[in-house]
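Subject: Structure for your review

Dear colleague,

Please find the structure below, together with the sequence. A summary of what was found in it follows.

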Amino acid sequence: MKSGSDLATLASRRNAVTARGFFAGALCALAIGLGLIGVPRGACADTADRSLLPLLPQSDEVRPWVPEASAQIAEGQGLFALINGGAEIFLRHGFERAVAQTYSHAGGRHIQVEIYMMGTTDGAAEVFLRRTGATELPLAIGDASVRGEYYVIFRKGRCFVTVTAGDTI
């Protein structure tokens, strides 16, 4: 017979697994909501105003998640202000511009979406290879994709995309 503390430990583990499943499902749903998935390669081509904002999921596409504040935008060397460390790898492989948006959900959960436009598809592929590892599970999103416990990383055409849960339960 299990003690009360054993049962509490089992319940805690079950809740952690449920939370992981929730975040994995939410991350995948948000990634699928991006206009980058299931659309032609040209979706990551230059736009007239060079804006990546249209590629971010809109509120009605990812309910009950809602955007927090304004999206952050970076071009060229401005990437250093957007991300804390790691900008060199993007710049070395032809980084052009990026957009980052945080979405929130009831209960204080947050998801960060970052879209990086590279100069070439080879640049996006190179960044993907350098930012992913053998322990991540492959997904069938875009040209290449993986998932971890609280994130999804994929590339499509010239775009490299990360979707990350901002906090854990």
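What percentage of the 169 residues of the chain count as buried? The share is 41%, where buried stands for under 20% relative accessible area, exposed for over 50% and partly exposed for values in between (1.4 Å probe, protein chains only).

Please note that this is a predicted model, in which local features need pLDDT of at least 70 and side-chain atom pairs count only at pLDDT 80 or more, while totals for chains, interfaces and linings use all residues. Residues are numbered from 1 along each chain as its sequence is written, and side-chain values use heavy atoms, with hydrogens and water left out.

Overall composition

The chain contains four helices and seven strands, arranged along the sequence as α-β-α-α-β-β-α-β-β-β-β. Helices (H or I, at least four residues) and strands (E, at least two) are DSSP runs, numbered from the N terminus. About 8,900 Å² of the chain is exposed surface, 54% of which is supplied by carbon and sulfur atoms; these accessible areas come from the Shrake-Rupley method with a 1.4 Å probe, and for residues only the protein chains shown count as cover. Among contacts (heavy atoms within 4.5 Å) between residues at least 6 apart in sequence, 60% join residues at least 24 apart.

The sheet

The seven strands form an open, antiparallel sheet in the order E1-E2-E3-E7-E6-E5-E4; two strands count as paired if DSSP finds at least two bridges between them. Its edge strands are E1 (66-75) and E4 (137-138), each of which pairs on one side only. Helix H4 (residues 121-131) packs on the sheet and touches E3 (109-118), E5 (144-147), E6 (151-156) and E7 (159-165). The direction of H4 makes about 155° with that of E6, where axes are lines fitted to C-alpha atoms, for helices over the stretch in contact, and angles run from 0 to 180 degrees between N-to-C directions.

Strand pairings

Seven bridges join E1 to E2 (residues 95-105) in the antiparallel sense, and Gln72 lies opposite Ala100 in E2. At the other edge, E4 and E5 run antiparallel and are joined by two bridges; Leu137 has Arg147 in E5 as its bridge partner. The hairpin of E4 and E5 has five residues between the strands, and Gly142 there adopts a positive phi near 65°. E5 also pairs with E6, again antiparallel, over four bridges, with Val146 opposite Ile153 in E6. Three residues form the hairpin connection from E5 to E6.

With kind regards
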